[in-house]
Amino acid sequence: MTKAKPFIKWVGGKNQLIKQLEALLPADFDEKEDITYIEPFVGGGAMLFHMLQTHKNIKHAVVNDINPDLTTCYKTVRDHPDGLIRSLASIQEDYYSVKSEEAKKEYYLRMRDRFNAKPADPIENTTLFLFLNRTCFNGLYRVNKAGKFNVPYGRYKRPLICDADTIYTDSLLLQRVNILTGDFEQTFEYIYGNTFFYFDPPYRPLSNTSSFNNYTKESFNDAAQIRLKHFCDRLQYIKIPFMLSNSDCSGKNKTDLFFDNLYKDYNINRVWASRSVNANGAKRGKLTEILVRNYMWVNHTQTNFSNTDNQLELAL
């Protein structure tokens, strides 16, 4: 059977870091019963699908995102896989029948306009969302200040638009997932029993030109990053374990200790990740990201990370 995996391409997806994230889970994670797993920024869902397939003691899962097109996509995959696959197969056949690159670009722009008109039907909206995801430049999702999707054409000749096997497999796994749309703080109300949070928010940009976090017309700025830290403090107060990913600002600029200072009372680890989204190929490559935890004991098998010099270990 096909293994569940993200059905969309997503900037900052965690496929390449899964082993490192898994190794930093609490050491007793698999010993607990009836775990509630919560992701307030679900994105492409790589960690979600990994956790649901790997840890059978996760009985409840809650995911959230502020991007309504993304959460509609998740709900459509979960609730209407047959209709979605028929619709995707149709648009894929149409796109493949277009021969010249210029005509394909025109087709893409027409579909982008249709998507920006916000069709009410969830299958149509998700079909256009996934079509654009597979045919736009680098699978980006970016909107302008008016909330309009504005990523240019990606010049792919025969991208896989209808991945029926993945949709069916993901749909089965998503049956036990509650899908929310809105601000991340609403997920606090869904804490139940043995709960674990994984945060993968829009990353703080390393430079003025490196930000790809405009998933909505409201950007996730430093004030939002600080608000997220205060949310993590609420979890710490009631002894709920969490893990959080973000960019390593100090890796680019040694004097930029924004996250080191913000999360100074928690564990901070650094992991190596590949950067592939950049128009300049010379600027792609390896860079470090931070992983923040509020618990001490981890499963050290498969780890590939380094500790910060000033980390404070907090056991729950």
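In this predicted model, pLDDT is the predictor's confidence in each residue, on a scale from 0 to 100. The exercises below begin with that confidence and then move to the interior of the chain.

**Exercise 1. Confidence along the chain**

Establish what the mean pLDDT of the chain is, and where pLDDT stays under 50.

*Solution.* Start with the chain as a whole, for which the mean pLDDT is 88, with 87% of the residues reaching 70 or more. Next, look for the stretches that fall short: over residues 277-284 the pLDDT stays under 50, and the model has 11 contacts for them beyond four places in sequence. Residues 302-316 also have a pLDDT below 50, and this stretch has 43 contacts in the model beyond near neighbours in sequence. Where pLDDT is low, the predicted coordinates should not be read in detail.

**Exercise 2. The overall make-up**

Work out how many helices and strands the chain has, and what share of its residues is buried.

*Solution.* The chain holds 10 helices and 8 strands. Of its 316 residues, 52% are buried. As a last step, consider the contacts with a separation of 6 or more, 75% of which are between residues 24 or more positions apart.

**Exercise 3. Helix H2 and the nonpolar cores**

Decide whether helix H2 (residues 46-54) is largely enclosed or open, and then find which residues of the largest nonpolar core touch the most other members.

*Solution.* Begin by counting burial in H2: 7 of its 9 residues are buried, so this helix is largely enclosed by the rest of the structure. The buried residues of H2 are Ala46, Met47, Leu48, Phe49, His50, Met51 and Leu52. Two of these names, Met47 and Leu48, return in the largest nonpolar core, which has 63 residues and in which they touch the most other members together with Phe7, Tyr74, Phe129, Phe131 and Met243. Helix H4 (residues 81-97) gives the most to this core, with 6 residues. Apart from the largest core lies another one of 26 residues, including Phe188, Cys249, Ile268 and Val292. To see one member in detail, take phenylalanine 129, which, when residues up to four places away in sequence are not counted, touches Ile8, Trp10, Asp69, Leu70, Cys73, Phe115 and Tyr141.

**Exercise 4. The enclosed spaces**

Determine how many cavities of 30 Å³ or more a search of the whole structure finds, and which residues line the largest.

*Solution.* Rolling a probe the size of a water molecule over the atoms shows where empty space is left. The search finds 2 cavities of 30 Å³ or more, and the largest has a volume of about 60 Å³. Its lining consists of Phe7, Val77, Leu88, Leu130, Arg134, Ile161, Asp163, Thr166 and Ile167. Helix H6 (122-135) and helix H7 (164-173) are the elements that give two or more residues to this lining, whose residues divide into 6 nonpolar, 1 polar and 2 charged.

Turn then to the second largest cavity, with a volume of about 40 Å³. Trp10, Phe115, Phe129, Leu132, Asn133, Leu140, Tyr141 and Phe149 line this cavity, and the largest share of the lining, 3 residues, comes from H6. The residues of this second lining divide into 7 nonpolar, 1 polar and no charged.

**Exercise 5. Two helix residues**

Classify threonine 71 and serine 87 as buried, partly exposed or exposed, and list what they touch.

*Solution.* Threonine 71 is found in helix H3 (residues 68-79), and because its relative accessibility is 1%, it counts as buried. Leaving aside neighbours within four places in sequence, threonine 71 is in contact with Asp65, Ile179, Leu180 and Thr181. Serine 87, found in helix H4, has a relative accessible area of 22% and is therefore partly exposed, the cut-off for buried being under 20%. Serine 87 touches Ile123 and Thr127, not counting residues up to four places away in sequence. The C-alpha atoms of serine 87 and threonine 126 are separated by 9.4 Å, although the two residues are 39 residues apart along the chain.

**Exercise 6. Positive phi values**

Find where aspartate 34 and arginine 155 are placed, and classify the exposure of each.

*Solution.* Aspartate 34, a residue other than glycine, has a positive phi, near 50°. Its place is in the loop between helix H1 (18-23) and strand E1 (35-39), and with a relative accessible area of 43% aspartate 34 is partly exposed. For arginine 155 phi is near 65°, again a positive value in a residue other than glycine. Arginine 155 is found in the loop between H6 and H7, and at 54% relative accessibility arginine 155 counts as exposed.

Definitions and conventions. Residues are numbered from 1 along each chain as its sequence is written. This is a predicted model: local features need pLDDT of at least 70, side-chain atom pairs count only at pLDDT 80 or more; totals for chains, interfaces and linings use all residues. Side-chain values use heavy atoms; hydrogens and water are left out. On a 1 Å grid over the protein atoms alone, a cavity is a set of points where a 1.4 Å probe fits but cannot get out, and a pocket is an open set with protein on both sides within 12 Å along at least five of seven lines; lining residues have an atom within 4 Å of a point. Grid points are joined across faces, edges and corners, and a volume is the space filled by probe spheres set on the points. Helices (H or I, at least four residues) and strands (E, at least two) are DSSP runs, numbered from the N terminus. Ala, Val, Leu, Ile, Met, Phe, Trp, Tyr, Cys and Pro count as nonpolar, Asp, Glu, Lys and Arg as charged, and the others, Gly among them, as polar. Buried means under 20% relative accessible area, exposed over 50%, partly exposed in between (1.4 Å probe, protein chains only). A nonpolar core is a set of buried Ala, Val, Leu, Ile, Met, Phe, Trp, Tyr and Cys residues joined through side-chain atoms within 4.5 Å. Contact means heavy atoms within 4.5 Å.
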